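Hello,

Here is the structure I promised to pass on to you. Open it in your viewer first, and then read my notes below with the model next to you.

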Amino acid sequence: MLQTIQSDIVVDVVGETCPVPLVEMRKAVMKAKKGDIIEVKGTHPASKQEIPMAVDSLGLELLGIREEDQVWHIFIQK
Amino acid sequence: MKHERIYLDNAATTRTDPEVVKAMAPYFTETYAVASSQFSHMPGIQAREGLDRSREVIAQKINAKPEEVVFTSGGTEANNLAVKGTAWAHRRKKDHLICSKVEHNTVLHSCQWLEQEGFQLTLLDVDDEGFVDLTQLEKSITDRTFLVSIQHGNQEVGTIQPIEKIGRICTDRGVIFHVDAALSFTTLDLDVDRVQADLVTLTAHKIHGPKGVGALYIRKGTPIKKMMHGGYSEFDLRSGTENVAGAVGFGRAVELAQPKYVQYIRSLQKGLFEGLKKEIDGIRINGPKTLSKRLPGNVNVSFDLIEGESVVLHLDMKGISVITGSACFSRSLEPSYVMMAMGFSHERAHGSIRYTLSRYNRMEEIDIVVKSCKEVVEALRKISPLKG
């Protein structure tokens, strides 16, 4: 299902380390409309774990995480 | 977030008291004349009265004379004027100045700029609680020294410096003593005669006053040159149209800063310290362990195994505003210079969190902050790459 998901906003933080992925994800969430799907793609391992924590704190929905060639994609719905 | 935003970054700036805003309002729409126009028309006289009334209130608070209080655009300008203004007044006569390694950047960078311009600078060490080395201070003063600049309370770890002892040393050695009291004004007593201070920096926005206004106390007879040219206002020490509304707000903020609030903030500080220590393992206190030796609203701790920036971001998402000594937000890898001067490791400096309280905080908020910190620290430790 995650392969076919259509993202409304893509946040590319490949190569960035903490705290940049979390900060960029939050900026995208602020700009997004209710119902929008935000895809965060990155490579920093700690961020892959921190972003789902943030999704929980912000009361958003975590649709899933896909990983290929060491790049993770986190799908969030506002 | 089931609660309203909890703001614990009051050392950065504070909420302006609505009474302050009320006092300032007429000076925007009714009494808006330039105070220097007092010799020309009635609105100018009224503006001058507002400015001078506030000057008296501020002077009284530090046991100074009104004509020794010069309004500035804030603490930054007051610190720049104190350091550069005295340097310029001593040019070609004396060329050595002293400050500590933990001064606010506005003092530190002003001193370092003078060093680049040919002055000699001594930076004093501090111990692991942030206290200045007084023996080193005494040894550092020479017949070339014109200024010692030491803050009253530290912006990050809250250390209250022994300014009365430093004042005595400076008086004995005939050196100008500047105290940056931007963080301590109204929460700690400061009597310019008892402290033997020649220059004192004050600012409004850290005491629930407006941003954009501060003051420099200048003891009568202190050699100092003005830095802003183009007029004769503020006793010919600071040119520029007077910020009458700001000054009036500053004065009102001083009037509203009652001693009862200091006791109240101390009780919140104690509650937060004890709550964090009781609930969270692997916590280190940064700054003095004895609360009476810290600024009343300051709590600064490091959590083992996690980065401060992660804690800050996750607390923000829980509706709590604090800051970290880690400089990663600015993309610089350098941790807080204050923490490094205190001899801490990079890890401890990067893990530090500063909570600063005000009279607007409540004890119920402290309970929420402790609970939220515990949750965030535990969750971050589970995913920490630093754990063994």
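Please keep in mind that this is a predicted model. A good place to begin is chain B, where strands β9 and β10 (residues 298–303) run antiparallel and are joined by three bridges. If you would like one pair to look for, Ile283(B) has Phe303(B) in β10(B) as its bridge partner.

These two strands belong to an open sheet of four strands in chain B, ordered β9-β10-β13-β12, with antiparallel pairing. At its edges are β9 (283–285) and β12 (323–324) of chain B, each of which pairs on one side only. As background, strands of a sheet pair through backbone hydrogen bonds, and they can do so in a parallel or an antiparallel way.

Next, please find strand β5 of chain B, which covers residues 145–151. How many of its seven residues are buried? The count is seven of the seven, so β5(B) is largely enclosed by the rest of the structure. A residue is called buried here when its relative accessible area is under 20%. Strand β5(B) has parallel neighbours: four bridges join it to strand β3 (residues 96–100) of chain B, and five bridges join it to strand β6 (residues 176–180) of chain B. For the pairing with β3(B), look at Leu97(B), whose bridge partner in β5(B) is Leu147(B). For the pairing with β6(B), look at Ile150(B), which is matched with Val179(B).

Chain A has a strand to set beside this one. Strand β4 (residues 71–77) of chain A is mostly covered, with six of its seven residues buried. It runs antiparallel to strand β2 (residues 37–42) of chain A, with six bridges between them, and also antiparallel to strand β3 (residues 61–68) of chain A, with seven bridges. Trp72(A) in β4(A) is a nice residue to click on: Gly42(A) stands opposite it, and it is also the bridge partner of Glu67(A). Strands β3(A) and β4(A) form a hairpin with two residues between them, and Asp69(A) in the turn has a positive phi of about 50 degrees.

Now for the surface of chain B. Which residues form a positive patch there? They are Arg91(B), Arg92(B), Lys93(B) and Lys225(B). Lys225(B) lies in the loop between β8 (214–218) and α9 (233–236) of chain B. Because its relative accessibility is 45%, Lys225(B) counts as partly exposed.

The loop between β8 and α9 of chain B also holds Met227(B). This residue is part of a nonpolar surface patch of about 350 Å², made together with Trp88(B), Trp113(B) and Met228(B). Met227(B) has a relative accessibility of 32%, so it counts as partly exposed.

One last stop is Arg362(B), in the loop between β13 (352–356) and α15 (363–382) of chain B. Is Arg362(B) buried or partly exposed? It is partly exposed, because its relative accessible area is 40%, and the class called partly exposed lies between the 20% and 50% limits. Try drawing a line between the C-alpha atoms of Arg362(B) and Leu268(B): these residues are 94 apart along the chain, yet the two atoms are separated by 7.4 Å.

Enjoy exploring, and write back with any questions.

Best wishes

Conventions
Residues are numbered from 1 along each chain as its sequence is written. Chains are lettered from A and ligands numbered from 1 in the order in which they are written. This is a predicted model: local features need pLDDT of at least 70, side-chain atom pairs count only at pLDDT 80 or more; totals for chains, interfaces and linings use all residues. Side-chain values use heavy atoms; hydrogens and water are left out. Patches are made of residues with over 30% relative accessible area and no salt bridge: like charges are joined within 9 Å, nonpolar side chains (Val, Leu, Ile, Met, Phe, Trp, Tyr) within 5 Å. Accessible areas come from the Shrake-Rupley method with a 1.4 Å probe; for residues, only the protein chains shown count as cover. A salt bridge is a side-chain nitrogen of Lys or Arg within 4 Å of a carboxyl oxygen of Asp or Glu. Lys and Arg count as positive and Asp and Glu as negative; His and the chain ends are not counted. The place of a charge is taken as NZ of Lys, CZ of Arg, CG of Asp or CD of Glu. Buried means under 20% relative accessible area, exposed over 50%, partly exposed in between (1.4 Å probe, protein chains only). Two strands pair if DSSP finds at least two bridges between them.
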